[in-house]
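Visitor: Please guide me through this model, beginning with its interior and ending with its helix packing.

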Amino acid sequence: MQIKGAMTVLNKQCDFLGMNFDQLIEFIERAPLAQTDLTIKAYKVYKRDFSRR
């Protein structure tokens with residue numbers, strides 16, 4: 001998965017949960033087991049890509 005696909009997954013999850021992006025990232029960090037495998041993969045890609053910057 002690349003960053004474009006990861007952002008699509010994360011943004012769809014935001015819409016589904018009714019959260020903004022920052023809230024979603026915080027929720028994933030606090031409760032990773034409450035997320036789907038695809039969301040966790042997307043989160044890891046997001047963190048890997050933006051930790052380089």
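Visitor: Which elements give two or more residues to the largest nonpolar core, and which of them gives the largest share?
Guide: In this predicted model, residues are numbered from 1 along each chain as its sequence is written, and side-chain values use heavy atoms, with hydrogens and water left out. Local features need pLDDT of at least 70 and side-chain atom pairs count only at pLDDT 80 or more, whereas totals for chains, interfaces and linings use all residues. The largest core has 13 residues, with Leu-10, Phe-21, Ile-28 and Tyr-46 among those with the most contacts inside it (a nonpolar core is a set of buried Ala, Val, Leu, Ile, Met, Phe, Trp, Tyr and Cys residues joined through side-chain atoms within 4.5 Å). Helix 1 (3-17), helix 2 (21-30) and helix 3 (37-51) each give two or more residues (helices are DSSP runs of H or I, at least four residues, numbered from the N terminus), and the largest share, five residues, comes from helix 3.

Visitor: Is Gln-35 buried or exposed?
Guide: Gln-35 lies in the loop between helix 2 and helix 3. Leaving aside residues up to four places away in sequence, Gln-35 touches Gln-13, Phe-27, Ile-28 and Ile-40 (contact means heavy atoms within 4.5 Å). Buried means under 20% relative accessible area, exposed over 50% and partly exposed in between, with a 1.4 Å probe and protein chains only. Because its relative accessibility is 9%, Gln-35 counts as buried.

Visitor: What distance separates the C-alpha atoms of Gln-35 and Gln-13?
Guide: The two residues are 22 residues apart along the chain, yet Gln-13 is among the residues that Gln-35 touches. Their C-alpha atoms are separated by 9.4 Å.

Visitor: Which residue forms a salt bridge with Glu-26?
Guide: The whole structure holds two salt bridges (a side-chain nitrogen of Lys or Arg within 4 Å of a carboxyl oxygen of Asp or Glu). Glu-26 is partly exposed at 46%, and its partner is exposed at 61%. The two are four residues apart in helix 2, so about one helical turn separates them. With the closest N and O atoms 3.7 Å apart, the partner of Glu-26 is Arg-30.

Visitor: What is the N to O distance in the salt bridge of Lys-47 and Glu-29?
Guide: This pair links distant parts of the chain, with Lys-47 in helix 3 and Glu-29 in helix 2, 18 residues apart. Lys-47 is partly exposed at 35%, and Glu-29 is partly exposed at 44%. The N to O distance is 3.3 Å.

Visitor: At roughly what angle do the axes of helix 1 and helix 3 cross?
Guide: The contact includes Ala-6 and Leu-10 of helix 1 and Ala-42 and Tyr-46 of helix 3. The axes come within 8 Å; they are lines fitted to C-alpha atoms, for helices over the stretch in contact, and angles run from 0 to 180 degrees between N-to-C directions. Helix 1 and helix 3 are therefore oblique to each other (angles under 35 degrees count as roughly parallel, over 145 as roughly antiparallel, 65 to 115 as roughly perpendicular and the rest as oblique). The crossing angle is roughly 125°.
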